[in-house]
Amino acid sequence: MVLTMEKMQDTFDPKPRKFIVWLFVVSSTIMFGGFTSYYLVFAASKGKGHGLVLPDAFIYSSLVIIASSITLVLASKALRKLNFSLQRNMLWITVILAIAFGVMQFNAWGSMVRTGATLVGNNAAISFIYVVSGMHLLHIIGGVGLIINALAGSYKSLPVAKVQYRMEIASIFWHFIDILWIYLYVFLLLNR
């Protein structure tokens, strides 16, 4: 049986694509698990942690990323009710909060540099803070791309199933990086 391009485009199966997103989530979890395991082994061998009081910008950015997850949930609920206008508004707010999170991360790094805690120095534990927060920020950029993709889908005249798929992919990834940041922040607090 030969499928024409038209019929192939009409059949939309999101499962393989969702699986790829879940694979990325698992591989990222393993990567950050490796980072934190390295830190624990390093700190145990030196008998000390990073010794810093974390910048206040980290706690504020944690609150901002939690708020962004809430707005993304509200966008998903709006989509389920086919309220595209509310969905778009909540997605725009999520993007703005994500950008605010990134700005706060840069402010936190600036604060650390002003206290003498530089990326390259004599304390690898301090460098670890830059590495994990920087890698997380790269994930945030990817998440913003997925949210913008969901936002663009809400403006196009796509079938509702495709709009929901884009929203679901963005939600899976965004909530993962939200939980990941909370984990990293608590880890850094507990391992000073």
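In this predicted model, methionine 112 offers a good place to start. Setting aside neighbours within four places in sequence, Met112 is in contact with Leu52, Pro55, Phe58, Ala117, Ile126, Ile129 and Tyr130. Two of these names are worth keeping in mind, because Phe58 and Met112 both return in the description of the protein's interior.

That interior is best seen through the largest nonpolar core, which has 53 residues. Within this core, the residues with the most contacts are Phe58, Leu91, Met112, Ile140 and Trp174. Two or more core residues come from each of helix 2 (15-46), helix 3 (56-80), helix 4 (84-114), helix 5 (124-155) and helix 6 (160-190). Helix 6 gives the most, with 16 residues.

Stepping back to the whole fold, the protein contains six helices and zero strands, so that its elements, read from the N terminus, run α-α-α-α-α-α. The C-alpha atoms fill a box of roughly 65 × 40 × 20 Å along the principal axes. Of the 192 residues, 43% are buried. Among contacts with a separation of 6 or more, 81% join residues 24 or more positions apart.

Phenylalanine 187 gives a closer look at helix 6, where this residue is found. Phe187 counts as buried because its relative accessible area is 8%, under the 20% cut-off. Beyond its neighbours within four places in sequence, Phe187 is in contact with Thr36, Tyr39, Leu40 and Phe128. A further pair to find in the structure is Phe187 and Ser27: they are 160 residues apart in sequence, with 19 Å between their C-alpha atoms.

The helices can also be set beside a database record. The unreviewed UniProt entry carries the annotation "transmembrane region" for residues 20-45, 57-79, 91-108, 128-151 and 172-190. In the model, residues 128-151 are 100% helix and 0% strand, and the C-alpha atoms at the two ends are 34 Å apart. The span 172-190 is likewise 100% helix and 0% strand, with 27 Å between its end C-alpha atoms.

Turning to the outside, the protein exposes about 10600 Å², and carbon and sulfur atoms supply 69% of this area. As for charge, there are 15 positive and 6 negative side chains. The centres of these two sets lie 7 Å apart.

Terms used:
Residues are numbered from 1 along each chain as its sequence is written. This is a predicted model: local features need pLDDT of at least 70, side-chain atom pairs count only at pLDDT 80 or more; totals for chains, interfaces and linings use all residues. Side-chain values use heavy atoms; hydrogens and water are left out. Helices (H or I, at least four residues) and strands (E, at least two) are DSSP runs, numbered from the N terminus. Buried means under 20% relative accessible area, exposed over 50%, partly exposed in between (1.4 Å probe, protein chains only). Contact means heavy atoms within 4.5 Å. Accessible areas come from the Shrake-Rupley method with a 1.4 Å probe; for residues, only the protein chains shown count as cover. Lys and Arg count as positive and Asp and Glu as negative; His and the chain ends are not counted. The place of a charge is taken as NZ of Lys, CZ of Arg, CG of Asp or CD of Glu. A nonpolar core is a set of buried Ala, Val, Leu, Ile, Met, Phe, Trp, Tyr and Cys residues joined through side-chain atoms within 4.5 Å. UniProt positions are given in the numbering used here, feature names are shortened, and annotations may be inferred rather than shown by experiment.
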